[in-house]
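Please consult the sequence and the structure shown below before reading this briefing. The notes that accompany them are grouped by topic.

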Amino acid sequence: YLMSPRTGALDVMEPLRTLAPDRIVYVSCDVATFARDLARLGPTYTLSRLAMLDLFPDTLHVELVARLERVAR
């Protein structure tokens with residue numbers, strides 16, 4: 001899947017739910033699309049770890065790295 005920076009991974013959410021991997025590591029540079037995409041994964045995944053990285057000091061940009069774990073069925 002090809003995605004543009006800061007647009008999120010909207011096209012990937014349904015295939016991820018279908019494949020249902022045990023763990024997803026999601027990296028994002030936009031807080032709004034990050035929240036939107038995690039909400040789309042809904043009750044299937046839970047956020048188990050979150051890190052915010054300031055890779056561009058003196059700017060407003062941050063990178064988010066999240067580990068999502070599939071909820072037991």
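The following briefing covers the sheet, the helix that lies across the sheet, an aromatic pair and two residues with positive phi. The model is predicted, and the values given are therefore computed from predicted coordinates. The sheet is open and has three strands, and helix α2 lies across β1, β2 and β3.

**Sheet**

- The three strands are arranged in the order β1-β3-β2, and their pairing is antiparallel.
- Strands β1 (23-28) and β2 (45-53) form the edges of the sheet, since each of them pairs on one side only.
- From one strand to the next, the twist averages 15°.
- Six bridges join β1 to strand β3 (residues 63-70) in the antiparallel sense.
- Within β3, Ala66 is the bridge partner of Tyr26.

**Helix across the sheet**

- Helix α2 comprises residues 31-41 and lies across β1, β2 and β3.
- Relative to β1, helix α2 runs at about 160°.

**Aromatic pair**

- One aromatic pair is counted in the model.
- The pair consists of the rings of Tyr26 and Phe34, whose centres are 5.6 Å apart.
- The planes of the two rings stand at 70°, so the pair is classed as edge-to-face, the cut-off for that class being over 60 degrees.
- Tyr26 counts as buried because its relative accessibility is 8%, and buried means under 20%.
- Phe34 is likewise buried, with a relative accessible area of 8%.

**Residues with positive phi**

- Ala20 has a phi near 50°, which is a positive value in a residue other than glycine.
- Ala20 is located in the loop between α1 (10-19) and β1.
- With a relative accessibility of 11%, Ala20 counts as buried.
- Asp58 also has a positive phi, near 70°, and is a residue other than glycine.
- The loop between β2 and β3 contains Asp58.
- Asp58 is exposed, as its relative accessible area is 83% and the cut-off for exposed is over 50%.

**Points to retain**

- Tyr26 takes part in the aromatic pair with Phe34 and has Ala66 as its bridge partner in β3.
- Of the two positive-phi residues described here, Ala20 is buried, whereas Asp58 is exposed.

Notes: Residues are numbered from 1 along each chain as its sequence is written. This is a predicted model: local features need pLDDT of at least 70, side-chain atom pairs count only at pLDDT 80 or more; totals for chains, interfaces and linings use all residues. Side-chain values use heavy atoms; hydrogens and water are left out. Rings of Phe, Tyr and Trp (its six-membered ring) pair if their centres lie within 6.5 Å; planes under 30 degrees apart count as stacked, over 60 as edge-to-face and the rest as tilted. Buried means under 20% relative accessible area, exposed over 50%, partly exposed in between (1.4 Å probe, protein chains only). Two strands pair if DSSP finds at least two bridges between them. Helices (H or I, at least four residues) and strands (E, at least two) are DSSP runs, numbered from the N terminus. Axes are lines fitted to C-alpha atoms, for helices over the stretch in contact, and angles run from 0 to 180 degrees between N-to-C directions. Contact means heavy atoms within 4.5 Å.
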